[in-house]
Amino acid sequence: MLAPHRAPLACGALGSYDRERVLRIAARLGCFPRPVHEDSGSILLLDREPIEWSGARQRGLAWLEGEIWRPQPLTDWQAAATHGLTGLVVDGRKRYLHTSLNGLAPVYWMEDGGAVYFASRIDPLVRTAPRRLSIDWQAWAAIVAMRHPLGERTPFAEVRRLPNHATLRRRLGRARPRSHTWPWEEVEPRATVAAAADGVAAALESCLAPVEGDVVCPLSGGRDSRLLFVALARDGRAASAITVSDDEGATHEEQFAAPVAAALGVPLERLEAAAAEYAADWEERARRVEYQFADHAWLMPVARRIEGLATPVPDGFGIDVFFCAGRHFYTDETLDTRDDGRAARAMFDRLRRYGIAHRALAPEFHGPVEASAWEQYRAATERFQGHPSQPILSLYGTRSVRGVSAYSTALLGSRARMLMPGANGALAAAALEASPHDKLGGVLYDEVFRRLGPAAGLLPSTTGAPRQAPYLPRRWRSAQALAFYRRSLADGPLAPYLAPELLGWLEAPEGIELSGDLRMGMEAVSMLHAWWRRYRDILVEVDPAELLG
């Protein structure tokens with residue numbers, strides 16, 4: 001089933017809902033979804049035909065994110081979720097939502113006036129709320145410390161995100177969200193890497209089988225996008241490859257992508273962006289990810305290039321997590337689950353490798369921000385402690401779902417139909433069958449590349465390759481970008497509480513390298529301020545003292 005050239009857009013309500021409010025939510029989604037189900041206790045609107053399934057007791061109307069749907073014999077919501085579906089369940093007199101196993105399709109919800117209103121985007125929910133809303137300072141503590149929220153939190157205290165493989169119903173006068181055990185939690189890593197590679201390769205072939213050709217493939221210097229590119233290019237389905245600078249002052253990505261494209265005879269297009277466009281790109285990036293993933297604007301050229309493409313765009317989301325490829329995340333400390341609490345703390349610390357970002361704030365904020373983020377991370381991953389794949393499940397359930405997926409589903413997916421085999425249930429389960437220790441060093445990648453055939457997959461990649469010192473102009477450090485950051489940081493709730501070191505760099509950046517800590521903090525605080533400026537007309541008073549907890 002071919003869908004519109006973008007990620008799914010859905011909204012609706014459970015309980016004693018206001019139909020006019022639901023229609024206003026739909027209008028703000030920007031695509032005017034139509035009702036596909038409606039009764040006195042539930043309503044669902046979609047921008048595409050629903051995927052319908054039915055069993056002895058249940059039937060569902062669902063949507064799919066990150067895959068191409070092929071009919072499956074489904075009899076309950078758990079089976080639907082395992083195959084990547086998110087949707088509404090009609091079970092006798094019960095009506096409830098469920099999310100997918102991989103959690104890619106976001107479901108945001110808020111409770112009001114006897115009903116639960118939900119949507120695949122936050123903005124339509126808050127813009128149609130009948131009252132002013134509140135900032136969730138705990139969510140922003142996690143965004144500052146980790147780059148993204150944790151658990152169910154969003155920037156708004158009244159809005160929550162339903163976790164992956166969860167249900168939401170309204171019962172006894174209130175919303176009842178419930179997380180269910182992932183089937184991935186039940187996978188015991190007892191297979192060899194070779195056996196796991198057989199399963200991964202078969203699942204990848206199945207995911208990509210419906211893709212006919214003329215595919216534009218994003219291709220970085222890493223191995224995730226390469227895996228999908230090789231699988232599509234070997235039989236001529238890749239029409240072109242595109243790569244973009246990561247804006248870190250060198251051609252680190254391009255120099256490893258080019259030989260792979262050349263080896264398979266596929267033209268490589270190098271994307272660029274002008275410094276004058278940086279501020280507009282930054283604002284657009286932040287808006288698309290709904291202010292939930294701190295970063296700069298390096299991916300916006302890719303988003304523009306793939307906008308409106310008729311063919312699906314492959315994306316390597318999730319592959320490195322299940323392949324245990326992130327050498328920064330999978331260390332002796334994070335993999336030693338004999339002391340699961342210590343392993344959890346080690347992963348928390350590794351997740352902040354891009355920068356101890358709270359150092360961009362005044363010293364009195366450092367302890368409270370880090371403590372809040374750690375408590376949220378601990379609560380979000382407690383269910384995985386002691387599991388042989390604890391680091392994998394923890395990493396996926398936090399950084400992948402609440403952070404990185406925003407690139408695939410929102411930044412790129414808002415204008416293009418993304419294909420993400422790395423989140424496919426069968427592929428992930430196959431990869432999980434090999435132990436984390438056995439997969440270290442990229443062993444599983446090598447085995448899968450050998451099964452795909454072309455030797456280009458085994459060419460050198462950015463993994464383990466040392467970066468050169470910056471020698472090219474960086475757009476994020478251009479005069480236009482610096483002017484933007486100065487304006488952004490000066491206009492917002494945390495403006496009086498910036499670290500002196502960050503303020504000094506903003507005023508005299510020439511020749512001074514900004515530390516990773518301060519840079520990530522600068523991005524997070526800038527994003528908070530951009531969010532505040534966009535929504536301050538519907539917010540109650542924002543008091544930064546609450547961040548001190």
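Among contacts in the chain that join residues at least 6 apart in sequence, 73% link residues at least 24 apart. The model is a predicted one.

**Overall form**

The chain holds 20 helices and 17 strands. Its radius of gyration is 23 Å, close to the 24 Å given by the globule rule for 549 residues, so the chain is as compact as a globular protein of that length. The C-alpha trace spans about 65 × 55 × 50 Å along its principal axes.

**Burial, surface and charge**

Of the 549 residues, 60% count as buried. The exposed area of the chain is about 20400 Å², and carbon and sulfur atoms supply 49% of that area. Charged side chains number 65 positive and 67 negative, and the centres of these two sets lie 4 Å apart.

The table lists values for the whole chain.

| Property | Value |
|---|---|
| Radius of gyration of the chain | 23 Å |
| Span of the C-alpha trace | about 65 × 55 × 50 Å |
| Exposed area of the chain | about 20400 Å² |
| Separation of the centres of positive and negative side chains | 4 Å |

**Asp 339**

One residue is described here in detail. Asp 339 sits in the loop that runs between α11 (332–335) and α12 (340–350). Its relative accessibility is 34%, which falls between the 20% limit for buried and the 50% limit for exposed, so Asp 339 counts as partly exposed. Tyr 291 is 48 residues from Asp 339 along the chain, and the C-alpha atoms of the two residues are separated by 35 Å.

How values were computed
Residues are numbered from 1 along each chain as its sequence is written. This is a predicted model: local features need pLDDT of at least 70, side-chain atom pairs count only at pLDDT 80 or more; totals for chains, interfaces and linings use all residues. Side-chain values use heavy atoms; hydrogens and water are left out. Helices (H or I, at least four residues) and strands (E, at least two) are DSSP runs, numbered from the N terminus. The radius of gyration is taken over C-alpha atoms; the globule rule is 2.2 Å times the number of residues to the power 0.38. Buried means under 20% relative accessible area, exposed over 50%, partly exposed in between (1.4 Å probe, protein chains only). Contact means heavy atoms within 4.5 Å. Accessible areas come from the Shrake-Rupley method with a 1.4 Å probe; for residues, only the protein chains shown count as cover. Lys and Arg count as positive and Asp and Glu as negative; His and the chain ends are not counted. The place of a charge is taken as NZ of Lys, CZ of Arg, CG of Asp or CD of Glu.
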